[in-house]
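Here is a briefing on a protein–DNA model. Please look over the sequence and the structure first.

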Protein chains: 2
Amino acid sequence: MKDMQQDDGNSAGAGGFEVKRGQARLKDIARSLNVSISTVSRALGGSHDINAETRKAVVEMAGRMAYAPNQVAQSLRTNKTNTLGIIVPDLTTYFFSANLSGFQEVAAEKGYNVMICQSNESYEEELRNISTLMASRVDGLIISLSKQTSNYDHLQALYKKGIPLVLFDRVCDDIETTRIMVDEHDGALKATEHLIEMGCKRIAHLSGPENLSISRRRLQGYSDALQRYDIPLREELIRHTQHLNRQRPGSAGAELAGAVFSARCHLCH
Amino acid sequence: MKDMQQDDGNSAGAGGFEVKRGQARLKDIARSLNVSISTVSRALGGSHDINAETRKAVVEMAGRMAYAPNQVAQSLRTNKTNTLGIIVPDLTTYFFSANLSGFQEVAAEKGYNVMICQSNESYEEELRNISTLMASRVDGLIISLSKQTSNYDHLQALYKKGIPLVLFDRVCDDIETTRIMVDEHDGALKATEHLIEMGCKRIAHLSGPENLSISRRRLQGYSDALQRYDIPLREELIRHTQHLNRQRPGSAGAELAGAVFSARCHLCH
DNA sequence: TTGTATGCGTTATCAA
DNA sequence: TTGATAACGCATACAA
């Protein structure tokens, strides 16, 4: 009464292998070959203690049925989703989408999927995003904080739970975790030195808003380069603009993501 | 021998409720209250046949333990992940990231997560992306095809499997599925009419590359508007540029996604 | 070499 | 009103 007609609606009629609805499972392959599920699992898993012919038959059948392991089931077993959660304030901002592009690219290389959320610069939404991603049991989080965020308890909580966390660009120094930031000072320094070495004499600096530390770090780099070459700093060559130019090549995100993965090697495999 | 010391490492020592590593589970709540797992499940699930006090205690404990249902386990049971897969050629292109932003926003509203892939304009990568997302058992796919893609068997296969599929912008007419496209003709027509109604007399048209049907549709809209107002078309006012201006407000994606969800209402709940 | 049993976290069914 | 059990798909420890 237990092994009779336990048809789950996923097998075809007499002798057919076709899986009518949905994806093929180990069970479907097992049935069509009259072997056990574990045999199929081992054959596909590359186990050594398995008959060569059995393996061949299983592999072939798996191909015919377009079998692909159910990541969801694997995740439940292993407690690992191979998915990273990324939270950015806004995806229409080039800086964030370019970085996302890089994160996604590197993640894919390492066999990770990427789940994306937007906080819309709202602290509340940032909290909700984290909850959602944690409910999906992502293996790690990459976050650029919302402008509203000034309380960091939610990040501290992640840290306590042992969730791998990486902050980028909009970071928070109070949290003990990997932070990824553009080296504004070094960038400005190198750019200025480059111009000097090209023979430029009067080099202007278009600065961002004065109140941002980013602007100050860039200005300092510019200033340091001039000093290094004994060129006097001339105030009239510095212009403070309202907007911060944060455009940068699409590869920037890839580099950042590279840093992520080298910093957090337990995410890599 | 069966119910002795089955400590899975997730419970704390004598009397403590703390879940040491990872997230709290129903089992953790059940243990700390000396009730069964199913009671806890029902209490949190809002079932009616449950003692009011029991529910109160369970809910409170769940809060204290920061319990959040394991989406992975739920997905395995229900065969539904509440996740959409999105494949775009490239995330650094504003058009795609702006649309992604809209898709994600609407998806989040409806309780869906979004998993993102980039094909890098490669047919092979597009295939891999689909496999990856299908392995993760996404509930549906939103795809903008790669430039390389000229064979549509992979889309046909999705259709056969009954996977909800939406194509946007880079669509393919051979597939029987929801397609989302910008109405280039109507946009150009309305824009031109607007200028005419503002009193403009000599209206120029900056067209994209002549070989693209998009360019032709826009030009036709421009042309039709002039004709509607009996304004002669003057060739010297038409300039063919090399680049296609596809910048558009971030809300475009939201509108598109709205179309997705209204077209595919079985995704909505 | 293969099969059986178990568990991952959750919920629905059935029994008490 | 509550508890025990089975099932989702997979992989592994154990038995044969």
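The points below cover the conventions, the DNA contacts, the nonpolar cores, one strand of chain B and the make-up of chain A.

This is a predicted model, in which local features need pLDDT of at least 70, side-chain atom pairs count only at pLDDT 80 or more, and totals for chains, interfaces and linings use all residues. Residues are numbered from 1 along each chain as written, chains are lettered from A and ligands numbered from 1 in written order, and side-chain values use heavy atoms, without hydrogens and water.

**DNA strand D**

- The protein places 22 residues around DNA strand D, counted as near if a heavy atom lies within 4 Å of it.
- A:Gln74, A:Arg77, B:Thr39, B:Arg42 and B:Thr54 come nearest.
- Of the strand D atoms within 4 Å of the protein, 65% belong to sugar and phosphate.
- By class, this surface has seven nonpolar, nine polar and six charged residues; Ala, Val, Leu, Ile, Met, Phe, Trp, Tyr, Cys and Pro count as nonpolar, Asp, Glu, Lys and Arg as charged, and the others, including Gly, as polar.

**Phosphate contacts from chain A**

- Polar contacts here are pairs of N or O atoms within 3.5 Å.
- A:Leu26 uses a polar backbone atom, 2.8 Å from a phosphate oxygen of DNA strand D.
- A:Arg25 brings a polar side-chain atom to 3.1 Å from a phosphate oxygen of the strand.
- For A:Ser41, a side-chain N or O atom lies 3.3 Å from a phosphate oxygen.
- Helix 2 (37-45) and helix 4 (71-78), in chain A and in chain B, are the elements that give two or more residues to the surface near strand D; helices are DSSP runs of H or I with at least four residues, and strands are E runs of at least two, numbered from the N terminus.

**Nonpolar cores**

- A core joins buried Ala, Val, Leu, Ile, Met, Phe, Trp, Tyr and Cys residues through side-chain atoms within 4.5 Å; buried means under 20% relative accessible area (1.4 Å probe, protein chains only).
- The largest core has 36 residues, and Leu141, Ile143 and Leu155 of both chains A and B have the most contacts inside it.
- Another core, apart from it, has 32 residues, among them A:Ile142, A:Phe168, B:Leu91 and B:Ile180.

**Strand 1 of chain B**

- Six of the six residues of strand 1 (residues 83-88) are buried, so the strand is largely enclosed by the rest of the structure.
- B:Thr83, B:Gly85 and B:Ile87 point one way; B:Leu84, B:Ile86 and B:Val88 point the other.
- Six bridges join strand 1 to the parallel strand 2 (residues 113-118) of chain B.
- B:Val88 stands opposite B:Gln118.

**Chain A overall**

- Chain A has ten helices and seven strands.
- Of its 269 residues, 43% count as buried.

Technical notes. Polar contact = N/O pair within 3.5 Å; in protein donor to acceptor, adjacent residues only side chain to side chain. Buried < 20%, exposed > 50% of the residue type's maximum accessible area, 1.4 Å probe, protein only. Pairing = 2+ DSSP bridges.
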